[in-house]
Amino acid sequence: MEKENLQKSDIIFHIRRFDPERDESPHWEQYTVKVESGMTILDGLHQIKQNQDSSLSWRFSCRMGVCGSCAMLVSGKPTLACNTQILDITDRALTLAPLPNFDIIRDLVPDLTRLFEDHVAIEPYIQRQDAEEMENPTGEFFQTPHELERYLQFSYCIKCGCCMTACPTMATDREYLGPMALAQAYRYNTDSRDGGHERRKRIVGAAHSAFNCHYAGECSNVCPKGVDPARAIQLMKRDLVLDYLKLKKRKKACRVMGIPSDVEPKPPIPFPPYTVEQK
Amino acid sequence: MSNNEKMYDNRLGIIGWLGGGRWGIERYLYIIHRLAGVGVLIFFVLHIFEGNLRIFGPEIWNPVMRLMEHPVFKVGELLIIIGFAFHAINGIRLILIELGWAVGKAEEPVYPYKSSLNTQRPLMVIMLLLTILLILAGGFDLMFLGH
Amino acid sequence: MRDMKSEVGYWTFFIIAGIVVFILLFFHMMIIHMDQLLGFFNPAGGSALDWKNVIYRSHSAFFTIIYIILLAAALYHGFYGLRTILFELGLKKRIQSLVTIAVWIIGITLFSVGVFANIAVQTVKAAG
């Protein structure tokens with residue numbers, strides 16, 4: 001390994017701190033971190049916490065860009081801290097702030113209650129008429145690769161909240177569902193296994209929903225997984241309008257493909273014992 | 001809410017509509033579209049009453065038209081032309097996008113990610129060029145050909 | 001509780017009104033502004049805003065109907081847009097319903113004013 005790779009630079013971290021027990025409002029604090037090539041912002045934060053200020057708080061978990069915990073505002077743009085190399089974005093200083101449009105609990109930790117409530121509001125699960133099949137499945141859902149491709153991109157969402165931060169409507173409208181929830185509503189509506197379109201369309205066709213998206217496009221710009229919520233929302237508006245004008249026939253939820261008759265199926269897996277005491 | 005401690009309201013508010021200079025161009029088009037729309041709406045309401053003056057006959061109409069030749073009104077008219085040209089052309093772009101034609105189909109994301117913003121960019125460039133063309137045509141007509 | 005009243009109908013007509021305004025306003029601009037170059041619909045010659053041309057268009061059934069359609073579409077499009085902007089600023093639920101009703105009332109009032117003028121002008125004499 002050449003010497004250049006191990007060379008460390010001094011990068012200044014300006015971090016927006018807020019301690020609810022002591023502060024009235026957030027303030028900036030400054031730390032200097034010795035950064036070598038390959039360090040992510042998450043590594044820098046760990047370094048600060050271990051060596052300089054152990055009171056610094058932030059969320060993290062997987063450290064590899066699949067859990068969505070470490071989303072924060074890095075130099076004005078929302079992104080994942082574990083996915084961003086420090087030397088890629090600066091050679092002198094950067095700023096870290098918690099995600100805007102969510103209340104701050106402490107330091108870099110936003111209160112994501114609204115994000116989860118919006119997600120729950122659009123009923124993010126497969127709904128079908130055949131309840132018996134859902135409880136005791138007998139076969140596979142018959143879904144072609146083409147049908148899968150129509151929603152696969154939007155299923156990569158990790159619910160990090162970056163898109164909710166970047167959206168201008170989210171900045172002022174408390175009731176707006178947000179790009180994440182709307183894109184997930186489309187993901188379930190387009191999933192050919194799902195039959196819950198009638199219920200979801202009443203939620204996303206109401207006020208403070210799909211039609212309050214005006215294609216500013218920032219959600220797709222900042223998404224760390226390439227989910228492109230803006231595309232999902234526009235496609236969903238198209239579906240809503242065609243459905244209102246009765247121009248498109250809604251396909252039923254896809255059928256269940258039974259197993260071949262000359263095959264002996266394995267016995268179903270028994271329901272495991274509860275690990276949490278049930279009331 | 002299980003949290004006992006007070007939290008800090010971190011909403012951006014109306015400033016969040018304007019952004020901090022780091023956003024993509026589409027976001028600024030959205031803001032300008034809104035401003036142009038509100039501006040043209042205010043003009044339009046006044047214009048209804050101006051046009052309705054014709055029911056009072058030429059004794060009222062001709063003096064009002066002469067008043068409209070005043071430079072202040074000409075500047076206002078130019079602003080309306082700019083606002084309307086932008087709002088109309090961008091509006092057509094938004095119709096194509098929001099009805100799902102210009103955003104493209106869902107595709108597997110491969111890093112570096114391309115989004116629907118990339119798909120609609122050629123349309124956006126054409127629209128911006130058309131807007132500039134219309135503004136020049138309208139402004140030229142206003143300045144040099146009377147009204 | 002989320003408001004479940006559907007906005008799809010409002011928005012669909014908003015888009016249709018936008019297209020109607022786009023087409024009709026384009027022609028309105030052509031007639032009013034490009035008259036020196038194109039000169040059509042100006043039987044008295046000269047500018048499109050001369051009294052003779054104005055009264056000609058006002059007495060023409062074709063123009064009257066077109067103007068009324070343009071008025072309705074533009075009022076609907078404009079006030080739905082204004083209502084959307086107001087809603088996104090974060091208002092209480094009760095204020096939201098009031099805004100909707102107010103916008104409808106203002107819109108229909110302005111439309112009535114415009115239609116009244118279009119009818120009243122039929123009695124104005126052409127000579128001037």
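Biologist: Which residues of helix 4 (residues 113-121) of chain A are buried?

Modeller: In this predicted model, Arg114(A), Leu115(A) and Asp118(A) of that helix are buried. The word is used when 20 or more other C-beta atoms lie within 10 Å of the residue's own, so each of these three meets that mark.

Biologist: What makes you say that they line one face of the helix?

Modeller: Look down the axis of helix 4 of chain A: the buried residues fall within an arc of 105 degrees, so they line one face. On the other side, Glu117(A) and Val120(A) are exposed. Exposed stands for 12 or fewer C-beta atoms within 10 Å, and therefore those two belong to that class.

Biologist: What covers the buried residues of helix 4 of chain A, and which residue follows this helix?

Modeller: The cover includes helix 7 (162-166) and helix 9 (178-190) of chain A. Glu123(A) follows helix 4 of chain A, and its phi is positive, near 55 degrees.

Biologist: Let us step back to the chain. How many helices and strands does chain A have?

Modeller: Chain A has 12 helices and 9 strands. Its C-alpha atoms fill a box of roughly 65 × 50 × 50 Å along the principal axes. Of the 279 residues in chain A, 43% are buried. Among its contacts between residues at least 6 apart in sequence, 68% join residues at least 24 apart.

Biologist: Why are strand 2 (27-36) and strand 4 of chain A called edge strands?

Modeller: Each of them pairs on one side only. They belong to an open sheet of 5 strands in the order 2-1-5-3-4, with mixed pairing. From one strand to the next, the twist averages 35 degrees.

Biologist: How do you know that strand 1 (residues 8-17) and strand 5 (residues 93-97) of chain A pair?

Modeller: Pairing asks for at least two bridges. Strand 1 and strand 5 of chain A have 4 bridges, in the parallel sense, and therefore they count as a pair. In strand 5 of chain A, Leu96(A) is the bridge partner of Ile15(A).

Biologist: Which strands of chain A does helix 2 (residues 41-51) lie across?

Modeller: Helix 2 of chain A lies across strand 1, strand 2 and strand 3, and it runs at about 110 degrees to strand 2.

Biologist: Where do the domains of chain A begin and end?

Modeller: The domain assignment gives domain 1 (8-110) and domain 2 (113-251). Their centres, taken over C-alpha atoms, are separated by 31 Å. The contact takes 15 residues from domain 1 of chain A and 13 residues from domain 2 of chain A.

Biologist: Which elements give two or more residues to the side of domain 1 of chain A that touches domain 2 of chain A?

Modeller: Those are strand 3 (71-74) and strand 4 (77-80) of chain A. Strand 4 of chain A supplies the largest share of that side, 4 residues. The side divides into 9 nonpolar, 5 polar and 1 charged.

Biologist: And how many residues does each chain bring to the contact between chain A and chain B?

Modeller: Chain B gives 37 residues and chain A gives 44 residues. On the side of chain B that touches chain A, the elements giving two or more residues are helix 1 (15-18), helix 2 (25-51), helix 4 (71-98) and helix 5 (116-144) of chain B. By class, that side of chain B has 17 nonpolar, 10 polar and 10 charged residues.

Methods:
Residues numbered from 1 in each chain as written. Chains lettered and ligands numbered in written order. Predicted model: local features only at pLDDT ≥ 70, side-chain atom pairs only at ≥ 80, totals over all residues. Contact = placed C-beta atoms within 7 Å. Nonpolar A, V, L, I, M, F, W, Y, C, P; charged D, E, K, R; others polar. Arc of directions from axis to C-beta. Domains from an automatic or database assignment. Axes fitted to C-alpha atoms, helices over the stretch in contact; angles between N-to-C directions.
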